[in-house]
Amino acid sequence: MKNIDLAKKIKELRSRKGMSQDELAEKSQLSLRTIQRIEGGVTEARGDTLQRLAKALNVTPDELIDWTESEDRGFLVVLNLSALSFVAFPILGIVVPLALWMLKKDKIKYINETGKRLLNFQISWCILVMFFSIFPIVTQIFHIGGSIVRGFQIFNLGAMESFILMVPILYVVNLVFIIVNTIRSYNTRKVFYQPAIPFLR
């Protein structure tokens with residue numbers, strides 16, 4: 001995105017709210033010179049500066065940034081697809097999307113919302129996979145929680161078989177969610193990664 005686009009957007013929002021550059025500088029805790037340089041298109045607001053301006057103008061960073069639809073959709077599709085790395089190793093389903101999200105955080109429209117939802121889902125999914133993979137082994141070694149294992153059954157299978165079957169089921173569920181949300185991102189619709197523990201808010 002060109003500096004001038006962001007400059008126009010900030011100036012327009014500031015004027016709409018009846019704020020002077022001095023007031024915006026005070027409210028965002030930035031210097032007046034910084035505000036002038038940003039609105040003049042000399043400096044591009046990024047990271048913490050962008051967050052402060054967004055907060056002062058009562059908007060989200062995503063609303064300040066105005067990327068074209070194709071740029072937006074393209075990277076969001078890649079972000080969703082990057083979670084497929086869980087197939088090679090579960091933790092990669094977190095690490096790869098996290099790296100991509102951090103790379104473009106606050107630079108692409110809707111990336112924060114998509115990234116957080118995707119990562120929350122992948123972290124929650126990893127916890128479940130670890131639970132169903134490790135818990136039966138722990139119960140066998142330490143003879144604890146056996147009643148939980150015995151009480152868990154799928155398709156009239158034995159308790160241990162049911163626990164083991166849950167892992168491939170969880171893999172299929174994750175795969176389906178990634179594919180569905182990749183399509184939703186391509187069609188500029190909000191992603192749906194639920195249920196998930198909200199680690200990132």
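The legends below describe close-up views of a predicted model.

**View 1. Helices H2 and H3 cross at roughly 115°.**
H2 covers residues 21-28 and H3 covers residues 32-39. Two packed helices are described by the angle between their axes and the distance between the axes. Here the axes of H2 and H3 come within 8 Å and cross at roughly 115°, which makes H2 roughly perpendicular to H3. The crossing of H2 past H3 is right-handed. On the H2 side the residues that meet H3 are Gln 21, Asp 22, Leu 24, Ala 25 and Ser 28. Their partners in H3 are Leu 32, Ile 35, Gln 36 and Glu 39.

**View 2. Glu 39 of H3 is a buried residue with a polar contact to Arg 14.**
Glu 39 lies in helix H3. The relative accessible area of Glu 39 is 10%, and the residue therefore counts as buried, the limit being under 20%. A polar contact of 2.6 Å joins the side chains of Glu 39 and Arg 14. When neighbours within four places in sequence are left aside, Glu 39 is in contact with Ala 7, Ile 10, Lys 11, Arg 14, Gln 21 and Leu 24. Gln 21 and Leu 24 are among the H2 residues that meet H3.

**View 3. Ser 28 of H2 touches Ile 35 and residues of H4.**
Ser 28 lies in helix H2 and is buried, at 2% relative accessibility. Apart from neighbours within four places in sequence, the contacts of Ser 28 are Ile 35, Arg 52, Leu 53 and Ala 56. Ile 35 belongs to H3 and is listed among the residues that meet H2. Leu 53 and Ala 56 are among the buried residues of H4.

**View 4. The buried residues of H4 lie on the same side of the helix.**
Helix H4 spans residues 47-56, and its buried residues are Leu 50, Leu 53, Ala 54 and Ala 56. These cover an arc of only 165° around the axis, so they are on the same side of H4. Just after H4, Asn 58 takes a positive phi of about 60°.

**View 5. Gln 29 and Asn 58 are loop residues with positive phi.**
Most residues other than glycine have a negative phi, and most peptide bonds are trans. Gln 29 is not a glycine, yet has a positive phi of about 60°. Gln 29 lies in the loop between H2 and H3 and is exposed, with a relative accessible area of 63%. Asn 58, also not a glycine, has a positive phi of about 60°. Asn 58 is found in the loop between H4 and helix H5, residues 61-64. The relative accessibility of Asn 58 is 64%, and Asn 58 counts as exposed.

**View 6. Phe 163 of H10 is buried.**
Phe 163 is found in helix H10, which runs over residues 159-186. The relative accessible area of Phe 163 is 1%, so the residue is buried. Ser 133 is 30 residues away from Phe 163 along the chain, and the C-alpha atoms of the two residues are separated by 7.5 Å.

**View 7. The peptide bond from Gln 194 to Pro 195 is cis.**
Omega is near 0° for the bond from Gln 194 to Pro 195. Pro 195 is found in the segment after helix H10.

Notes. Residues are numbered from 1 along each chain as its sequence is written. This is a predicted model: local features need pLDDT of at least 70, side-chain atom pairs count only at pLDDT 80 or more; totals for chains, interfaces and linings use all residues. Side-chain values use heavy atoms; hydrogens and water are left out. Buried means under 20% relative accessible area, exposed over 50%, partly exposed in between (1.4 Å probe, protein chains only). Helices (H or I, at least four residues) and strands (E, at least two) are DSSP runs, numbered from the N terminus. The arc is that of the directions from the helix axis to the C-beta atoms. A polar contact is a pair of N or O atoms within 3.5 Å; within protein, one must be able to donate a hydrogen and the other to accept it, and residues adjacent in sequence count only if both atoms are side-chain atoms. Contact means heavy atoms within 4.5 Å. Axes are lines fitted to C-alpha atoms, for helices over the stretch in contact, and angles run from 0 to 180 degrees between N-to-C directions. Angles under 35 degrees count as roughly parallel, over 145 as roughly antiparallel, 65 to 115 as roughly perpendicular and the rest as oblique. A crossing is left-handed if the near helix is turned anticlockwise from the far one by less than a right angle, and right-handed if clockwise.
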